[in-house]
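Visitor: I have a few questions about the pocket and the ligand here. Could you walk me through them?

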Amino acid sequence: MIDKESGVYMNKINFKNLYTERLELRIPTMKEQYILWKILINEDINQYYFPTPDRIFVKNNLSKDNIEDLKNARKIFMKQLSDWERQKPFYEKKIEYIQMQEDSQKYTWSIFLKDTEIVIGQITCQPKDNKPDNIRDVGWFIDTKYQGQGFATEAALTVLDFMFNEVEITDIYTGAAEINPASWKIMEKLGFEFVGTKKSSYFKDNEILISKEYHCNKELFLNRKNKLLK
Ligand SMILES: CC(C)(COP(=O)(O)OP(=O)(O)OC[C@H]1O[C@@H](n2cnc3c(N)ncnc32)[C@H](O)[C@@H]1OP(=O)(O)O)[C@@H](O)C(=O)NCCC(=O)NCCS
């Protein structure tokens with residue numbers, strides 16, 4: 001379907017629950033958001049997942065090129081993020097949009113263990129900054145208690161299948177900190193091609209980190225999916 005406004009080819013379909021062998025990827029509701037927020041405020045989860053928003057740098061006159069500024073901006077952001085009462089209205093708004101399917105172009109799922117009410121993480125396939133809707137980014141996090149069991153890979157395989165085959169996006173561009181192999185290994189396993197490195201806005205100790213950048217399209221993904229399912 002060609003979108004009249006952007007001229008972009010993509011099926012603007014509502015998103016739906018997806019199922020894997022061990023997981024249920026559900027359309028988010030407010031019910032599980034507090035637990036997801038609790039997972040997210042753990043530094044092990046957010047440090048390479050949730051970049052410090054640009055507004056924090058602008059508002060506080062801080063630079064992304066200076067390690068002390070990066071640390072200060074992170075501190076300010078973490079203080080805001082870890083205040084549930086402050087965050088709750090944003091979550092409520094987000095869920096309201098999702099329920100009305102007005103935010104469906106973002107495609108976000110809450111990841112539950114199948115046949116339970118245990119929520120273990122989140123996966124998103126969101127528009128890429130300043131790019132047409134058919135070009136996307138992906139993001140994922142899994143509660144530390146449930147990591148290392150292949151859950152993120154399992155969720156990502158199903159989400160990518162839905163995005164390429166049903167929504168018919170054309171490309172995904174994404175990246176992960178070089179020191180976060182748990183994330184870029186998922187990309188490599190799912191057929192993403194490595195396109196290079198760049199300076200990220202993440203840091204560890206006194207170093208600004210490098211991120212590994214990846215690209216995927218339907219052909220790359222389907223080739224790998226067929227190999228994985230053999
Ligand atoms: C990235 C993340 C979602 C992976 O979740 P997960 O369910 O543990 O991932 P999987 O079990 O599917 O494992 C993915 C791969 O990474 C590997 N891996 C997992 N943890 C690892 C670690 N600490 N170091 C090296 N490799 C690791 C796994 O072995 C697997 O590779 P393999 O199949 O070749 O063995 C999880 O670590 C997380 O939530 N991290 C914090 C948030 C984050 O960084 N998100 C991504 C931002 S780009």
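Visitor: How do the residues of the lining of the second largest pocket divide into nonpolar, polar and charged?
Guide: Happy to help, and please keep in mind that this is a predicted model. The second largest pocket has a volume of about 230 Å³, and 13 residues line it. By class, that lining holds four nonpolar, four polar and five charged residues.

Visitor: Which residues of that lining are the closest to the centre of the second largest pocket?
Guide: Let's start from the elements: α2 (43-46), α4 (67-81) and β7 (193-204) each supply at least two lining residues. Of the 13 residues that line the pocket, the closest to its centre are E43, Q47, R74, F203 and K204.

Visitor: And which element gives the most to the lining of this pocket?
Guide: The candidates with at least two residues each are α2, α4 and β7. The one that gives the most, with four residues, is β7.

Visitor: Now to the ligand. Which element gives the most to the shell around it?
Guide: The shell has 23 residues, and W140, G148, G150, T153 and K189 come nearest to the ligand. By class, the shell is made up of 12 nonpolar, eight polar and three charged residues. With six residues, the element that gives the most is α7.

Visitor: Which residue has an N or O atom in its side chain 2.5 Å from an oxygen atom of the ligand?
Guide: Let's go through the polar atoms around the ligand. A polar backbone atom of I142 is 2.8 Å from a ligand oxygen, while a backbone N or O atom of A182 lies 3.5 Å from a ligand oxygen. The side-chain N or O atom at 2.5 Å from an oxygen of the ligand belongs to T153.

Visitor: How much of the ligand's area does the protein bury?
Guide: Besides those contacts, such as the one at 2.5 Å from T153, we can look at area. Taken alone, the ligand exposes 940 Å². Of that area, the share buried by the protein is 73%.

Visitor: Is T153 buried or exposed?
Guide: T153 sits in helix α6. Its relative accessible area is 15%, and the cut-off for buried is under 20%. Because 15% falls under that cut-off, T153 counts as buried.

Visitor: One last thing: which side chain does a polar contact of 3.3 Å join to that of T153?
Guide: A good place to look is among the residues that come nearest to the ligand, which include both T153 and K189. The side chain joined to that of T153 by the 3.3 Å polar contact is that of K189.

Note on methods:
Residues numbered from 1 in each chain as written. Predicted model: local features only at pLDDT ≥ 70, side-chain atom pairs only at ≥ 80, totals over all residues. Heavy atoms only, no water. 1 Å grid on protein atoms, 1.4 Å probe; cavity = no way out; pocket = protein on both sides within 12 Å on 5 of 7 lines; lining within 4 Å. Points joined across faces, edges and corners; volume = space filled by probe spheres on them. Nonpolar A, V, L, I, M, F, W, Y, C, P; charged D, E, K, R; others polar. Near = heavy atom within 4 Å. Polar contact = N/O pair within 3.5 Å; in protein donor to acceptor, adjacent residues only side chain to side chain. Areas by Shrake-Rupley, 256 points an atom, 1.4 Å probe, with all protein chains shown as cover. Buried < 20%, exposed > 50% of the residue type's maximum accessible area, 1.4 Å probe, protein only.
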